[in-house]
Amino acid sequence: MIFSASKSNLVLIGFRGTGKTTVSTKLAQNLDLNRLSTDDMAVERCGMSIAAYVEQHGWAAFRHIEHECVAEAASRQGVVIDCGGGVVENPENMRLLSQNGIIIWVHAELNDVLKRLAEDPLDAQRPLLTQNTTKQQDIIENYSRRLPLYERFAAFMVNTSTHSPDECCRYIQSDIFGKM
Ligand code: S3P
């Protein structure tokens, strides 16, 4: 676990459907901090939904835009940053985010991720990461491939399969933010 008292941002990473948006929104409210979402920033830059942008320009072009959003978010002070699930694909994203941010991995068990994504009406906005596969297979493959990346880059982890969003926030507020 890496910890530095000189960092001022809380950075949430984790797979799709783990609850990053819920936890980061509550956290920002509780701590009276601004919340930035790299997905929202990317949608604004793309001028369309992520799904439409990836469909037209491909994943590499989206990752480029996402990197610009990450760089902008990482340059801010005292904010909660809700990162798209794929930011860990680029080590440079993580270098920038960790310069002034404590990286927190929002984790959930695969079965919960599959269930939550199946029930999420906004999931159509998330394009498949791998071609020629089913949605379920896409999630299963990328979930296992990504886990070691989230684990490598995070200093702390909260588990939304075993703890409610409020419990995760309480832990982050007292054991992480309270000691920054
Ligand atoms: C992605 C996750 C999405 C979004 C994009 C790519 C990924 O964000 O950035 O569809 O690579 O896993 P969420 O994790 O917020 O759904």
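## Pockets, a helix pair and three residues

Leaving aside neighbours within four places in sequence, asparagine 93 is in contact with His67, Val70 and Val87, where contact means heavy atoms within 4.5 Å. Asparagine 93 belongs to helix H5 (residues 91-99) and is buried, with a relative accessible area of 1%. Buried stands for under 20% relative accessible area, exposed for over 50% and partly exposed for values in between (1.4 Å probe, protein chains only).

The model is predicted: local features need pLDDT of at least 70 and side-chain atom pairs count only at pLDDT 80 or more, while totals for chains, interfaces and linings use all residues. Residues are numbered from 1 along each chain as its sequence is written, and side-chain values use heavy atoms, with hydrogens and water left out.

Two residues with a positive phi are listed below.

| Residue | Phi | Loop | Relative accessible area |
|---|---|---|---|
| Aspartate 32 | about 55° | between H1 and S2 | 70%, exposed |
| Asparagine 132 | about 55° | between H6 and helix H7 (135-153) | 81%, exposed |

Neither aspartate 32 nor asparagine 132 is a glycine.

The largest pocket has a volume of about 820 Å³. Of its 36 lining residues, Lys20, Thr21, Asp39, Asp120 and Arg126 are the closest to its centre. Helix H1 (20-31), strand S2 (34-37), helix H2 (38-46), helix H4 (59-74) and helix H6 (110-119) each give two or more residues to the lining. This lining divides into 12 nonpolar, 12 polar and 12 charged residues. A pocket is an open set of points on a 1 Å grid over the protein atoms alone, where a 1.4 Å probe fits, with protein on both sides within 12 Å along at least five of seven lines; lining residues have an atom within 4 Å of a point. Helices (H or I, at least four residues) and strands (E, at least two) are DSSP runs, numbered from the N terminus.

The second largest pocket holds about 180 Å³. Helix H3 (residues 50-57) gives the largest share of its lining, 3 residues.

How do H3 and H4 cross? Their axes come within 7 Å and cross at roughly 130°, and the two helices are therefore oblique to each other. Angles under 35 degrees count as roughly parallel, over 145 as roughly antiparallel, 65 to 115 as roughly perpendicular and the rest as oblique. Ile50, Tyr53, Val54 and His57 of H3 meet Trp59, Ala61, Phe62 and Ile65 of H4.

Conventions: Grid points are joined across faces, edges and corners, and a volume is the space filled by probe spheres set on the points. Ala, Val, Leu, Ile, Met, Phe, Trp, Tyr, Cys and Pro count as nonpolar, Asp, Glu, Lys and Arg as charged, and the others, Gly among them, as polar. Axes are lines fitted to C-alpha atoms, for helices over the stretch in contact, and angles run from 0 to 180 degrees between N-to-C directions.
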